[in-house]
Every structure is written in C-alpha cells, then in structure tokens.
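Here is a short briefing on one chain. Keep the sequence and the 3D view open as you read.

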Amino acid sequence: MKKILLGITGSITAYKSCDLVRMFVKGGFDVRVIMTTHAMMFIAPLTFEVLSGNPVATNKTIWESRSIEHLSLRDGSSLFLIAPATANIIGKLASGIADDLLSTTYLSLHCPVVVAPSMDATMYQNGVVQHNVEDLKNRGVIFIEPDEESTECSEESAVRLADISKIYEVATDAIA
C-alpha cells in the first residue's frame, strides 16, 4: 500500500482536505496527516484521524513521541502533498526553514512533493510568493495552480484551493 503524507496548513480551505483524505483512502492509499498549529484553528485533528484511520502528526506530537517524528513520517512515503498551502509554508519550504513538523518533514523527504496553494489573490500574486513558487518548481516541486474567484463582498479576489478531484489526479499521477 502506498503511503501519502498530507500536510495541512492554516487556510479557510483546510476543510476541503477531508474530502481529499476520503478519496485517497477509498483509492487504497495509506494516508498520514501532518497539521500545522494554524491548521488546527480551522479543523480538529480528530477529524483527520477518523477519516484516515491513522494518528495525526502535529507539533505537539514531537514532544509526546519518543521517536524522531519527521523521520518516521518520511519512511516509506510515496508522496508528500500540501493542500492547502499558505504563503507562509511556501516561503518556509523555499528558504529551507524547518521550524515546525511539516517544514522539517519536507526537508527530510526523498519522494515527489505536490503543493496546492490557497490564499488571498493579492498575496499569491506578490512577487515574493511567486519567486518562492518558481524556486520550488525549479527544484522539482509540483504546483497545482489554484482557482480564482471574485468575491461579492469586496473588490479583492480569493485564490481558492484547486478542485479536489484535480488535486487527487495530479497527486496519484506523481506517484506512478
């Protein structure tokens, strides 16, 4: 059974990752979820434990575990998918910053990495974010371009997480 690491960051679209976990489990994958502290502000780790059938890894689990969590998570991983990915985590990955479990795990991996951004459109289009995206692409990270939508309540637009079925397709293709 192929193992997928799913990193979830602090975005309002974090709830969409529930459907993604369901799809991977139904597809026969072993799903291991890593949540950032900010992701847990949007959705509880217990949700992903129930959906995946596996414990969820968080910064708290680093202190509770007797193993080196980021190394045990990477072992046997076929893919590392971050969905949703915020500007913050994209910047950390591009800069080699390893100050939480998700970013530390990324630096220890030897499998394909897929990133699905979700954030405010102005943030996503910012030159620094685009530089980080291009830098990661040049290092082999696969990006799934987000969907854009206009919001009725403001002049700004949101960059939505790409369609879940598209993320699933790109991720499973990256494993093959």
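Contact here means heavy atoms within 4.5 Å. By that measure, the buried residues of α1 pack against β1 (3-8), β2 (30-35), α2 (45-52), β3 (77-85) and α9. The model is predicted. Its chain has 176 residues, and 50% of them count as buried. The secondary structure comes to nine helices and eight strands. Take contacts between residues at least 6 apart in sequence: 73% of these join residues at least 24 apart.

**Helix α1 and what follows**

- Helix α1 covers residues 16-26.
- Its buried residues are Lys 16, Ser 17, Cys 18, Leu 20, Val 21 and Phe 24.
- In an α-helix there are 3.6 residues a turn, so residues three or four places apart point the same way.
- Gly 28 follows α1 and has a positive phi, near 90°.
- Most residues other than glycine have a negative phi.

**Aromatic pairs**

- The structure holds two aromatic pairs.
- A pair of this kind is described by the distance of the ring centres and the angle of the planes.
- Phe 24 and Phe 29 form an edge-to-face pair, at 5.8 Å centre to centre and with 90° between the planes.
- Phe 24 counts as buried because its relative accessibility is 0%, under the 20% cut-off.
- Phe 29 has a relative accessibility of 15%, so Phe 29 counts as buried too.
- Phe 24 also pairs with Tyr 168; this pair is tilted, with 5.1 Å centre to centre and 40° between the planes.
- The pair of Phe 24 and Tyr 168 links distant parts of the chain: Phe 24 is in α1, Tyr 168 is in helix α9 (residues 164-175), and 144 residues separate them.
- Together, Phe 24, Phe 29 and Tyr 168 form one aromatic cluster.

**Helices α5 and α8**

- The axes of α5 (residues 87-95) and α8 (residues 127-138) come within 9 Å and cross at roughly 50°.
- The two helices are therefore oblique to each other, as that angle falls outside the ranges for roughly parallel, antiparallel or perpendicular.
- The crossing of α5 past α8 is left-handed.
- On the α5 side, the contact is made by Ala 87, Ile 90, Gly 91, Leu 93 and Ala 94.
- On the α8 side, Val 129, Asn 132, Val 133, Asp 135 and Leu 136 make the contact.
- The residues of this contact divide into seven nonpolar, two polar and one charged.

**Val 113 in strand β4**

- Val 113 is found in strand β4, which spans residues 113-117.
- What makes Val 113 count as buried? Its relative accessible area is 8%, which means that Val 113 falls under the 20% limit.
- Leaving aside neighbours within four places in sequence, Val 113 is in contact with Phe 80, Tyr 106, Gly 140, Val 141 and Ile 142.
- One of these partners, Gly 140, is 27 residues from Val 113 in sequence and 7.7 Å away in space, C-alpha to C-alpha.

**A cis peptide bond**

- Is the peptide bond from Ala 83 to Pro 84 cis or trans? The bond is cis, with omega near 5°.
- Most peptide bonds are trans.
- Pro 84 lies in strand β3, one of the elements that the buried residues of α1 pack against.

Conventions:
Residues are numbered from 1 along each chain as its sequence is written. This is a predicted model: local features need pLDDT of at least 70, side-chain atom pairs count only at pLDDT 80 or more; totals for chains, interfaces and linings use all residues. Side-chain values use heavy atoms; hydrogens and water are left out. Axes are lines fitted to C-alpha atoms, for helices over the stretch in contact, and angles run from 0 to 180 degrees between N-to-C directions. Helices (H or I, at least four residues) and strands (E, at least two) are DSSP runs, numbered from the N terminus. Angles under 35 degrees count as roughly parallel, over 145 as roughly antiparallel, 65 to 115 as roughly perpendicular and the rest as oblique. A crossing is left-handed if the near helix is turned anticlockwise from the far one by less than a right angle, and right-handed if clockwise. Ala, Val, Leu, Ile, Met, Phe, Trp, Tyr, Cys and Pro count as nonpolar, Asp, Glu, Lys and Arg as charged, and the others, Gly among them, as polar. Rings of Phe, Tyr and Trp (its six-membered ring) pair if their centres lie within 6.5 Å; planes under 30 degrees apart count as stacked, over 60 as edge-to-face and the rest as tilted. Buried means under 20% relative accessible area, exposed over 50%, partly exposed in between (1.4 Å probe, protein chains only).
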